[in-house]
Amino acid sequence: MVTLGGDGMILYDSHLVAQLGLPVLSVQCGDLGFHTQVEAAEFLATLDAVDRGDFRIEKRMLLEVAIEPIGNAVDERRPRTALALNDVVISKSAWGRMVHLRILVDNRPASDLYADGLLVATPTGSSAYNYAAGGPVLEPDMEAIILNAICPHRLKFSPIVLAGHHEVAVKFHPTKPSEEAQLLVDGRPWCSV
């Protein structure tokens, strides 16, 4: 598959082809092209190289995201699972409020977090929002998961890097009736609670 645009186009198209296992050739035609491989002026020469078999495929880790409804709240229009190439963000919805989150790794309590939100990033996404929030940048072909707080209330919460085989669960645990949270997958709103 060929994408013409920038990083946003790669994120959008990766969701379309991830289940098919198709490789993506990204051509920089947008404003931000950190992950694009080819400049527009090199496009035709690159197609010739691909036709000759002169290319390599980089495998990138994806996060599979599943949401469990709270109580009887089920939105049948929303898919129950999604894939993320960059990151999953659980963040506050209301301005001036924080969210209380419980983080579990492999079904074991790892941390409670009171913050503006939590980033769960892939190595590909480590150079995006995670980096802006003070997290580490990883080699994009690694198998790892980054947990990074967004403006934590406790200053001692440091970014955590886990091996890619771990399962991370995040529970929204409001301590005040006014707390609201939203879930974004690769920058797109997915649901709110």
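**Salt bridges and nonpolar core**

In the predicted model, a salt bridge forms between the side chains of Lys 92 and Asp 116, with an N to O distance of 3.6 Å. Lys 92 belongs to strand 6 and Asp 116 to strand 8, so the pair ties together parts that are 24 residues apart in sequence. Both Lys 92 and Asp 116 are buried.

The count of salt bridges comes to five. Arg 56, Glu 58 and Arg 60 are joined into one network by salt bridges that share partners. Within this network, Glu 58 pairs with Arg 56 at 3.1 Å, N to O. Glu 58 also pairs with Arg 60, where the closest N and O atoms are 2.6 Å apart. Glu 58 is partly exposed, with a relative accessible area of 38%. Arg 56 is exposed, at 67%, and Arg 60 is partly exposed, at 29%.

The largest nonpolar core comprises 25 residues, of which Leu 63, Val 88, Leu 113, Val 120, Ile 145 and Leu 183 touch the most other members. Two or more residues are given to this core by each of several strands, including strand 4 (63-66), strand 6 (87-92), strand 8 (108-121), strand 9 (144-152) and strand 12 (181-185). In soluble globular proteins, nonpolar side chains tend to be buried together.

The surroundings of Ile 145 were examined further, with neighbours within four places in sequence left aside. Contacts of Ile 145 include Met 61, Leu 63, Val 120 and Ala 121. Ile 145 is also in contact with Ile 160, Val 161, Leu 162, Ala 163 and Gly 164, as well as with His 166 and Val 168. Among these partners, Leu 63 and Val 120 are themselves core residues that touch the most other members.

Definitions and conventions
Residues numbered from 1 in each chain as written. Predicted model: local features only at pLDDT ≥ 70, side-chain atom pairs only at ≥ 80, totals over all residues. Heavy atoms only, no water. Core = buried A, V, L, I, M, F, W, Y, C linked by side-chain atoms within 4.5 Å. Buried < 20%, exposed > 50% of the residue type's maximum accessible area, 1.4 Å probe, protein only. Helix = DSSP H or I, 4+ residues; strand = E, 2+ residues; numbered from the N terminus. Contact = heavy atoms within 4.5 Å. Salt bridge = Lys/Arg side-chain N within 4 Å of Asp/Glu carboxyl O.
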